[in-house]
Protein chains: 2
Amino acid sequence: MAVAKTARATKKRGSLGRPEGRTESREALLDAAERYFAERGYAAANLREIAEDANVTQAMANYWFGTKQELFRQVYLRRGAWLATRRMELLDEVTAKKRYALEDILRAYITPPFQLRESAQGRAFLRLQARLHAEPDETAYALRREVYDQPVRAYVKILAALLPRLTDEHLYLRFAQFIGIYIYILSDAHRIDEISGTRCRPPSAAKLIDEIVRFTASGFKG
Amino acid sequence: MAVAKTARATKKRGSLGRPEGRTESREALLDAAERYFAERGYAAANLREIAEDANVTQAMANYWFGTKQELFRQVYLRRGAWLATRRMELLDEVTAKKRYALEDILRAYITPPFQLRESAQGRAFLRLQARLHAEPDETAYALRREVYDQPVRAYVKILAALLPRLTDEHLYLRFAQFIGIYIYILSDAHRIDEISGTRCRPPSAAKLIDEIVRFTASGFKG
């Protein structure tokens with residue numbers, strides 16, 4: 001649901017003064033690219049195949065994005081912008097309350113990526129993101145910074161007020177561990193099943209969020 | 001140091017009844033492949049280039065490994081076997097003591113991968129592993145299972161004895177979070193720097209291990 005809403009919002013912004021068909025083709029191209037990058041990785045994804053899949057001419061794809069790198073950037077930023085906005089909205093909602101706990105802040109941060117898991121297209125983005133987090137190059141860093149910087153700083157600022165005895169370095173080190181947890185758990189919940197030798201069934205999103213919030217809150221306080 | 005030891009051990013095993021030169025070429029091919037897979041990813045890595053880099057004929061590379069997939073498997077299992085063995089040895093060392101704490105068990109599990117970070121070749125493996133953890137396909141699962149299954153079960157068994165009120169499902173869910181943390185932190189410590197807006201310097205391996213052990217121990221107990 002969350003994903004569908006974003007797609008609509010993006011279309012609306014993109015369609016100012018342009019024929020609706022073009023905007024839809026551009027979105028279709030971004031959707032196809034998201035799937036290709038997620039399934040095959042950046043290197044193996046092919047601009048020509050992506051354009052064909054989206055039923056867009058390669059001339060049009062080149063006109064909009066120019067290079068595979070720019071197409072990747074736009075695919076990543078489209079959902080990344082939604083993630084960042086949603087995180088800031090939820091943080092504002094929590095902190096507008098008279099009283100809130102560490103757990104409420106942690107929950108606000110990880111709820112939006114778990115919502116992405118609800119649609120196939122959102123899951124494609126999560127795979128693509130897990131891949132990007134495994135890339136230690138400068139382009140990947142720059143792209144992640146564009147999406148994560150503002151929310152991470154805003155969240156850490158609130159956490160600092162809730163945990164006044166932690167230094168900035170400790171706060172960031174613990175926040176990094178929190179990020180590592182949710183990215184790993186989200187990259188495939190199937191994995192819980194896997195490492196436990198299929199003794200346990202894949203838990204629901206709500207249960208995973210509860211478990212991550214509890215574990216991480218103890219980690220931050222410990 | 002740890003890595004050099006492994007390489008020697010592998011060579012010794014590999015060289016039974018074979019001319020030493022061949023074993024060295026085979027190791028050189030595995031080293032080159034480890035770097036290529038880490039730097040370019042699986043899809044973009046090219047068997048011909050890897051063989052050239054290792055100064056091995058492509059016929060020989062084909063004879064030893066046949067396919068790129070088998071070469072990847074051997075690259076992964078070479079260090080993966082070392083990781084699994086080292087983890088089991090350290091677990092035995094800790095549990096041989098009269099008294100040991102949850103923290104000692106967690107430290108034993110993450111010390112070997114942090115040792116890999118000490119050499120360029122080990123760092124190549126860690127990047128490759130981070131990539132593999134971002135791949136949700138069956139081949140990746142099967143490969144990870146070969147390396148992780150035995151140690152994870154042995155560690156969780158000891159953790160279960162130390163944390164008797166946790167169910168199996170909770171133990172595995174928390175162990176998965178522990179894995180997510182160390183893989184993310186290891187994939188590049190530079191990242192701590194990055195998310196903190198370069199306010200903090202990259203911490204030493206010893207400090208990162210201490211921080212992960214502390215955070216995770218609180219998480220397990222919480």
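I began with the rule for counting elements: helices (H or I, at least four residues) and strands (E, at least two) are DSSP runs, numbered from the N terminus. On that rule I found that chain A has eleven helices and zero strands.

I noted that this is a predicted model, in which local features need pLDDT of at least 70 and side-chain atom pairs count only at pLDDT 80 or more, while totals for chains, interfaces and linings use all residues. Residues are numbered from 1 along each chain as its sequence is written, and chains are lettered from A and ligands numbered from 1 in the order in which they are written.

**Burial and core**

I looked up how much of chain A is buried (20 or more other C-beta atoms within 10 Å of a residue's own, against 12 or fewer for exposed and partly exposed in between, with C-beta atoms placed from the backbone). Of its 222 residues, 40% count as buried. I then turned to the largest nonpolar core (a set of buried Ala, Val, Leu, Ile, Met, Phe, Trp, Tyr and Cys residues joined through C-beta atoms within 7 Å). That core has 109 residues, and Leu29(A) and Leu29(B) are among those with the most contacts inside it. Leaving aside residues up to four places away in sequence, I listed what Leu29(A) touches (contact means C-beta atoms, placed from the backbone, within 7 Å), and the list includes Ile50(A), Ala54(A) and Trp64(A).

**Leu83(B) and two packed helices**

I found Leu83(B) in helix 5 (residues 68-95) of chain B, where it is buried because 21 other C-beta atoms lie within 10 Å. Not counting residues up to four places away in sequence, Leu83(B) touches Pro112(B), Pro113(B) and Val147(B).

I next checked how helix 5 of chain B packs against helix 6 (residues 102-116) of chain B, and I noted an angle of about 150 degrees with the axes 9 Å apart. The axes are lines fitted to C-alpha atoms, for helices over the stretch in contact, and angles run from 0 to 180 degrees between N-to-C directions. The two helices are therefore roughly antiparallel, a label for angles over 145 degrees. Among the residues that make this contact I noted Leu83(B) and Leu90(B) of helix 5, and Tyr109(B) and Pro112(B) of helix 6.

**Asn55 in both chains**

I saw that Asn55(A) has a positive phi of about 60 degrees although it is not a glycine, and that it lies in the loop between helix 3 (47-53) and helix 4 (58-65) of chain A. Asn55(A) is exposed, with 10 other C-beta atoms within 10 Å. For Asn55(B) I also recorded a positive phi of about 60 degrees.

Notes. Contact = placed C-beta atoms within 7 Å. Parallel < 35°, antiparallel > 145°, perpendicular 65-115°, else oblique.
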